[in-house]
Amino acid sequence: MPIVERDAGCWREPVAAPGEAGVRRRGLLAAAAGGVGALAAGCGGGAASPQGAGPSAARAAPPLRAGAGSRLPSLGGMFLQAAIYEGWHAGTPFDPWEELAGNGMQWARTVVTTRSCPELDAVPVAQWRTLGWKNEYWSCREMGAAVLRRAAAAGMKLQLGLYLSDEAANAGVQKRPAAWAGVAEAELPAVVEAHARELAGYYRAAGLDIEVFEIGNETDFGFFGYQLGETVPVPPGVDPVNTPSWMEENLWLKFVPIFNAAIRGLRSVYPGASIALHVAGFGYSRGNVAPKGFFDAMARAGVPYDIAGFSYPYMTSGSPRLPQPYFAQAEFLDAIDAARALGKRVRIIEFSYPAATPGVDPSLGGYPCTEAGQAAFVHDFVQALAGRVENINYWAADIFPGINGAGFPPDIESFGLFASAAAPREVIGALRRAAADRLFDWAQQQYPALFPFAASAGTFEQYYYRHYPTSQTYLALDERSNAVVVDNGRDWNRTPLGLLRQYARLAA
């Protein structure tokens, strides 16, 4: 089945010059998993393209440095279950997973409570609205499964967080599940391990291949009922967030038995999964000594985690007032580098930028609170993290203004990636090009003879491309169809290779 439409006046099959061999016609991929077709370059010889008519006439950028951007982070989204609720609320179809995966988003994240609502498994998701709403449905394990199934069906990789609470847990609220309130401290690790094992078994039985698990959510100021300033009092004269040694001794070490128990339970079912710990601490301590100290303390305590995860500062009331753009500041980059120095991979597990002003403080950001400002922020954020961070997850990826009958606060609607159920915001173009850049870098690394690093970038008509003068090859993304195409630079023979979503997963 054709991947894109072909116009006979513009497109034609690749033509091989007599005697031209191998390198010009060989496949870049023998066959990719999941039925992706061969990535075969249509780089045959033949008559040259008309003067000024081919990609060489495009608007070009300066040559790229060797390997530039080759370590760009992969793209993910935090799904707040809003698309599931939209069907519940109004019966209106909304599929953010397909839209975002089609534009190169490779990962999907959601977070679950300790609650289980088996009645949701008794009926198809499309009929959940007939059950009526219960508050315990929010982020229960069955709701999480519904989100992850939709993401997996769209070809996305899966990341799951465990609040280890029966309600939302974040930097300011970290309550222990009510059902475990009477359990003795010495017995809690066994209870948590059994819960994690049973939860993982549920998702494994659902056929979900979860590659990353987070233990807790924004746990630098509290976790599992151990809350700074509440259940863990702060003596007069102590500045806890700027004194990592005090935080370690009085707060963080309390987490270790629970972290380890949850990891044991999860890995008994998903032995190959990566484990992330997740903090919210950018900008709250001098020089970010709190998040640096947290990850160091957990490593020295023997917690077997793989990924140091961070939340990027939000632009809501009460957020710290920081120099902008904060991602360019030395203290931000130093905190990331400190985690990497521990031998940990790094993910920005939550970040966002508003496309509108309701509910946010525009003075806290360095970009306009417009669709264009949101897109510019995402572009620059991706580029700034190249070589330091393996993945970034956009928070509130599945939100548009008025979703669920205006059931979300205005700040969350301002952060969302969609203008309506039918239309993404302008930022989708920035995400798509970031995914294309990552794919182009992957192709350069895999097939340097066809795509040598000496390249220039540009746009031509609907194509976002890289040109490789040594091989005379163009590798491009058709931004109308999201098809990846190749052109030999002479024959106007742009050949579709497959869809961006197919190759974005390989490059993730």
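## A walk through the predicted model

D437 is buried, with a relative accessible area of 9%. Let us begin our tour of this predicted model at that residue. D437 belongs to helix 11, and beyond its sequence neighbours up to four places away it touches L72, Q383, Y464 and R466. R71 is 366 residues away from D437 along the chain, yet the C-alpha atoms of the two are separated by 9.9 Å.

The helix around D437 is worth a look too. Helix 11 covers residues 427–446, and at 1.5 Å a residue its 20 residues should span 28 Å; the end C-alpha atoms lie 29 Å apart, so the two values agree. Of those 20 residues, 17 are buried, so D437 sits in a helix that is mostly covered.

Now step back to the whole chain. The protein has twelve helices and 18 strands, and 56% of its 508 residues count as buried. Among contacts with a separation of 6 or more, 72% are made by residues 24 or more positions apart. About 19,400 Å² of the protein chain is exposed, and carbon and sulfur atoms supply 54% of that area.

What lies inside? The largest nonpolar core has 146 residues, and the members that touch the most others are Y203, I215, M298, F310, F332, I348 and F381. Helix 5, residues 244–267, gives the most to this core, with twelve residues. For a closer view, take F310. Leaving aside neighbours within four places in sequence, F310 is in contact with residues including H278, V279, F282, P291 and F295, and also with A335, A339 and the run from V346 to E350. Apart from this core lies another, of seven residues, with F460, Y463, V485 and W492 among them.

Helix 6 is a good next stop. Its twelve residues, 289–300, should span 16 Å at 1.5 Å a residue, and the end C-alpha atoms are 16 Å apart, so the helix agrees with expectation. Which residues of helix 6 are buried? They are A290, P291, G293, F294, F295, A297 and M298. An α-helix has 3.6 residues a turn, so residues three or four places apart point the same way. The cover over the buried residues of helix 6 includes helix 5, strand 8 (274–279) and strand 9. After helix 6 comes G302, with a positive phi near 85°.

Aromatic rings offer another way to read the fold. A pair of rings is described by the distance of the centres and the angle of the planes. The structure holds 45 aromatic pairs. One of them is formed by Y314 and W395, which meet edge-to-face with 5.3 Å from centre to centre and 70° between the planes. This pair links distant parts of the chain: Y314 is in the loop between strand 9 (307–311) and helix 7 (330–341), whereas W395 is in strand 11 (residues 391–395), 81 residues apart. Are these partners buried or exposed? Y314 has 18% relative accessibility and so counts as buried, and W395, at 16%, is buried as well.

A further edge-to-face pair joins F327 and F381, at 5.7 Å centre to centre and 70° between the planes. Here too distant parts of the chain are linked, with F327 in the loop between strand 9 and helix 7 and F381 in helix 8 (residues 371–384), 54 residues apart. F327 is buried, with a relative accessible area of 5%, and F381 counts as buried because its relative accessibility is 0%. You have met F381 already, in the list of core residues that touch the most other members.

Rings also take part in contacts with charges. The charged end of R176 sits over the ring of Y226, 5.0 Å from the ring centre. For K344, the charged end sits over the ring of Y305, 4.2 Å from the centre.

Our last stop is G373, in helix 8. With a relative accessible area of 3%, G373 is buried. Leaving out residues up to four places away in sequence, G373 touches Y353, Y367 and P368. Although G373 and E426 are 53 residues apart in sequence, their C-alpha atoms are 9.3 Å apart in space.

Methods: Residues numbered from 1 in each chain as written. Predicted model: local features only at pLDDT ≥ 70, side-chain atom pairs only at ≥ 80, totals over all residues. Heavy atoms only, no water. Helix = DSSP H or I, 4+ residues; strand = E, 2+ residues; numbered from the N terminus. Buried < 20%, exposed > 50% of the residue type's maximum accessible area, 1.4 Å probe, protein only. Contact = heavy atoms within 4.5 Å. Areas by Shrake-Rupley, 256 points an atom, 1.4 Å probe, with all protein chains shown as cover. Expected span 1.5 Å × (residues − 1). Core = buried A, V, L, I, M, F, W, Y, C linked by side-chain atoms within 4.5 Å. Phe/Tyr/Trp six-rings, centres within 6.5 Å; stacked < 30°, edge-to-face > 60°. Lys NZ or Arg CZ within 6 Å of the ring centre and 35° of its normal.
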